[in-house]
Amino acid sequence: MTTTTPPTATTPTPPAPPYRITPTRILRSEWHKLRSLRSTWITLTTAAALVLGVGLIMGGTYTSGGGDSDVDIVVLTLYGSLLGQLCVIVLGILVTAGEYATGMIRSSLTAVPTRLPVLWAKAAVFTATVLTVMSTTALITFGAAQLFLHDTDQGASLTDPGVLRALAGNAVGITLLSLIALGLGSLLRSVPGAIGAFIGGVMILPEVLGMLPYETVERALVHFPTQAAGALGSATPIPGTAAPGPALLALCLWAAATLAAAALSLRHRDA
C-alpha cells in the first residue's frame, strides 16, 4: 500500500518593492526640491545681480590714482560679494530650516529612514548649485568691470598672477560660508534662529574678539570663517590674513564641523 505525502505549505514571497532608495535618487529628489522653489532662483538671481551691479559701479566710477588705487583688483571688482553672500547664506538656511518650518522634513525622513543621506544630498546639491552660480558671476563681473578699467591703473586680465585663483577663491569662500549656514539651519531647525546664530556667531563675534589685546586671539581670528573667506578672494596677499591654503583648510573645517553637528542632531532627535 503506498502512502502519499501531503503537500507542504509554503510561505509566499513578498513582492520586491518597485523602487529602491539609492544615493542617485535621493540627490535627484533634493535637486527637484531646490530648483522647484521660486525662492531659490529669486535669491540666487538677486545675489548675482548685486555682485554684478556693484562691480559695474566700481568699474564705471573708478579713476586712476584715486583712493581705491591700492585696492586689490579682484577685491575692487567683487565688492558686491559682501551683499551677494548674505542672499546665499539665507538660502542655505532655508534649504534645511525651511523644511522644518513647513513640516516637509517629515516626508523626507519617512522616505529615507536612515536620515543622514538626506542631509548629505541637500549639502551636495546646494554646494554644486551655489558654486556654479557664484563662479560664473565672478567671471562675468570681472570681465564686465574690465571694460571700464582696462585703460586705468587697475587694468588686468584673467592671465595675470593670482587673478583666476582669487576669482575661484571668492566663489569657494561664499559657497563654504553658505554651507555653514545650511548646517546651522539643520542644527537649529529655525529660520530666524539660524540667521541670528550666523550673524551673531560668524559675523559679529570675530569683530568683538578682535578688540581683545591678545596676540593669540589675533592669530586665531584669521582662521575664522568670514576672515578666511576674505583671504581667498584676493589676488595679492592681504596683511593680517591667512595665506590662501590655510584659509581654505580652515573654512572647510568650519563647514565640516557644522555639518557634523547637524548630522548628530538629525540622527538622535525627533523630526
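This report walks through a predicted model, from its confidence to a helix pair and a few single residues.

## Confidence

Let's start with how far the predictor trusts its own coordinates. The protein chain has a mean pLDDT of 89, and 93% of its residues reach 70 or more. Confidence is highest in helix H7 (residues 163-188), with a mean of 96, and lowest in helix H5 (residues 104-111), where the mean is 87. As a general reminder, predicted coordinates should not be read in detail where pLDDT is low.

## The H10 and H11 pair

Two packed helices are described by the angle between their axes and the distance between the axes. For helix H10 (residues 225-232) and helix H11 (residues 244-268), the angle is about 140° and the axes are 8 Å apart. Angles over 145 degrees would count as roughly antiparallel, so at about 140° H10 and H11 are oblique to each other. Their crossing is left-handed.

If you would like to look at the contact itself, H10 contributes Pro225, Ala228, Ala229, Ala231 and Leu232. On the H11 side, these meet Pro244, Ala247, Leu248, Leu251 and Trp254. By class, the residues of this contact are 10 nonpolar, with no polar and no charged ones.

## A buried glutamate in H1

Glutamate 30 is a good residue to visit next, and its place is in helix H1 (residues 23-36). Its relative accessible area is 6%, which is under 20%, so glutamate 30 counts as buried. Setting aside neighbours within four places in sequence, glutamate 30 touches Glu99, Val118, Ala121, Lys122 and Val125.

## Valine 71 in a loop

Valine 71 sits in the loop that runs between helix H2 (38-61) and helix H3 (73-77). Apart from neighbours within four places in sequence, its contacts are Leu76, Tyr79 and Gln154. Here is a pairing to try in the viewer: valine 71 and serine 234 are separated by 163 residues in sequence, while their C-alpha atoms are 9.6 Å apart in space.

## Two arginines with positive phi

Two loop arginines deserve a look at their backbone. Arginine 115, in the loop between H5 and helix H6 (116-149), has a positive phi of about 70° although it is not a glycine.

Arginine 189 is found in the loop between H7 and helix H8 (191-209). Its phi is also positive, near 60°, in a residue other than glycine. With a relative accessible area of 14%, under the 20% limit, arginine 189 is therefore buried.

Notes. Residues numbered from 1 in each chain as written. Predicted model: local features only at pLDDT ≥ 70, side-chain atom pairs only at ≥ 80, totals over all residues. Heavy atoms only, no water. Axes fitted to C-alpha atoms, helices over the stretch in contact; angles between N-to-C directions. Helix = DSSP H or I, 4+ residues; strand = E, 2+ residues; numbered from the N terminus. Parallel < 35°, antiparallel > 145°, perpendicular 65-115°, else oblique. Left-handed = near helix turned anticlockwise from the far one by under 90°. Contact = heavy atoms within 4.5 Å. Nonpolar A, V, L, I, M, F, W, Y, C, P; charged D, E, K, R; others polar. Buried < 20%, exposed > 50% of the residue type's maximum accessible area, 1.4 Å probe, protein only. pLDDT = per-residue confidence, 0-100.
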